[in-house]
Amino acid sequence: MSRYILLLLINLPFVALAITGIITRFKMKRISRRRASIQLTLWFVLLSGLVLAEPTYHWLFANNFTDADSLSLFDVVQITAIVFLLYTINSISIRLEQTEKRLNDLHQELSIKLSSKK
Amino acid sequence: MTRQKNRICIVIPAYNESQVIYDVLTNIKKALARDKKHSYEIVVVNDGSADDTSLEAKRAKVTVIDHILNSGAGGATATGLSYAQQHNFDAAATMDADGQHKPEDLVRGVEKLLSSDVDLLIGSRLIDSKGMSRVKVLGNKGLSAITYLIFGINSTDSQSGLRVFSKKALACLEWKARGYEFCSEMLWRASKIGLKIDEYPIYAIYTEYSKSKGQSNWNGLNIVRTLLARRLSEIFR
């Protein structure tokens, strides 16, 4: 199997999960249309990069824009790690934001409820 | 037929203010008692103080909300205003606990807000900055200029703690900052949701105590840094 196809197959689940997550959050009105469209654009750009990696390399090589070797197995691992990190950072930042808001609301409500019981 | 009095909630966020809070509250209560047009409830939000702020405030016979954790001026103000909203007050006002605001200015602000269509009224110390040190004037003007640059909000005193809120503002105004940077962020959020903002001149009293408690210009720098980070993080929202 071509390494470019391997790269695409390994990374596709992360990209699909990220895109599904953005659409779900938008439909559930947790994020604005603007934020959703910017995040979707970023992930689609990344997906196009993965899909077009092989033709882009061949085009660059054929036109003497690069003389680098084609994708190695180590490159596949490295790129996958970067995509995975991007996905993880995005998920963590969303969770952190939600947790911070919940904690603040809880602290606020608890303080008010306890003060009225005295 | 007697006109029903407007119910006003006075929110005072306090952190380690046991030295002065009793006197400050007593003075406010005296001034508010003279205003027969409205009925007032004073709510002190003790923001996890390490001293006897809560006990001193209770001694002054006002409502005290104790924060279990110290969450900053922004968090304490949010709790107080949430209390006002939950208890269906007609308006609310915030004041500093160090005694730098004159209760008469508060009453004037409440009157001005209730007789207009303004949703958020800011008591500006800088329209007439008499009594303020040059460093304080410079620091506050600088922060107001930075608030304008970052958020596009034009206010002569974006950091003022004396603010009056309409019922509409109580229902829909929210902010994320927990520290002092909430002052600027609140103006931005209010403007974003279409609330009408106005200012009126107030006079600040600077005692040795309030000078020692006030924000340093270094803290001002920290506020700028946090505001910038907040604005950048919300560019894509």
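Me: Two strands pair if DSSP finds at least two bridges between them. So how many bridges join strand 4 to strand 6 in chain B?

Reply: Four bridges join strand 4 (residues 91-94) to strand 6 (residues 163-166) of chain B, and the two run antiparallel. Helices (H or I, at least four residues) and strands (E, at least two) are DSSP runs, numbered from the N terminus. This is a predicted model, where local features need pLDDT of at least 70 and side-chain atom pairs count only at pLDDT 80 or more, while totals for chains, interfaces and linings use all residues. Residues are numbered from 1 along each chain as its sequence is written, chains are lettered from A and ligands numbered from 1 in the order in which they are written, and side-chain values use heavy atoms, with hydrogens and water left out.

Me: Good to know. Which residues of strand 6 stand opposite Ala91(B) and Thr94(B)?

Reply: Ala91(B) faces Ser166(B), and Thr94(B) is opposite Arg163(B). Strand 6 also pairs with strand 5 (residues 120-124) of chain B, again antiparallel, over three bridges. There, Leu120(B) has Phe165(B) as its bridge partner.

Me: And the side chains of strand 6, which way do they point?

Reply: Arg163(B) and Phe165(B) point one way, Val164(B) and Ser166(B) the other way, and all are buried. Buried means under 20% relative accessible area, exposed over 50%, and partly exposed in between (1.4 Å probe, protein chains only).

Me: Zooming out, what order do the strands of that sheet come in?

Reply: Seven strands of chain B make an open sheet in the order 3-2-1-4-6-5-7, with mixed pairing. Strand 3 (63-66) and strand 7 (197-201) stand at the edges with a single partner strand each, so one side of each has no neighbour in the sheet. Neighbouring strands are turned by 20° against each other on average, direction ignored.

Me: What lies across strand 1 and strand 2?

Reply: Helix 1 (residues 21-34) of chain B lies across both strand 1 (6-14) and strand 2 (38-46), running at about 170° to strand 2. Helix 3 of chain B lies across strands 1, 2, 3, 4 and 6, at about 160° to strand 1. Axes are lines fitted to C-alpha atoms, for helices over the stretch in contact, and angles run from 0 to 180 degrees between N-to-C directions.

Me: Thr77(B) caught my eye. Where is Thr77(B)?

Reply: Thr77(B) is in helix 3 (residues 72-86) of chain B, and is buried at a relative accessible area of 3%. Its side chain reaches the backbone oxygen of Ala73(B) at 2.7 Å. Leaving aside neighbours within four places in sequence, Thr77(B) is in contact (heavy atoms within 4.5 Å) with Val11(B), Pro13(B), Thr94(B), Trp175(B) and Phe182(B).

Me: And Ile12(B), buried or exposed?

Reply: Ile12(B) counts as buried, at 0% relative accessibility. This residue lies in strand 1 of chain B. Beyond four places in sequence, its contacts include Leu25(B) and Ile28(B), along with Val44(B) and Met95(B).

Me: Changing topic: how many disulfides are there over all chains?

Reply: The search of the whole structure finds zero, a disulfide being a pair of cysteine sulfur atoms within 2.5 Å. The sulfur of Cys9(B) has its closest cysteine sulfur in Cys172(B), 17 Å away, which is too far for a bond. Cys9(B) is buried, with a relative accessible area of 0%, whereas Cys172(B) is partly exposed at 35%.

Me: What about the interface, how many residues of chain A are in contact with chain B?

Reply: 15 residues of chain A are in contact with 18 residues of chain B. The area buried between the chains is about 1500 Å², and carbon and sulfur atoms give 52% of it. In chain A, His107(A), Gln108(A) and Ile112(A) lose the most area to chain B, together 34% of what that side buries. Buried area is the accessible area (1.4 Å probe) that two parts lose on being put together, summed over both.

Me: Last one: which residue has a positive phi of about 60° although it is not a glycine?

Reply: That is Lys29(A). Lys29(A) is in the loop between helix 1 (3-27) and helix 2 (33-51) of chain A, and counts as exposed at 75% relative accessibility. Asn16(B) has a positive phi too, of about 50°, and is found in the loop between strand 1 and helix 1 of chain B. Asn16(B) is partly exposed, with a relative accessible area of 24%.

Technical notes
A polar contact is a pair of N or O atoms within 3.5 Å; within protein, one must be able to donate a hydrogen and the other to accept it, and residues adjacent in sequence count only if both atoms are side-chain atoms.
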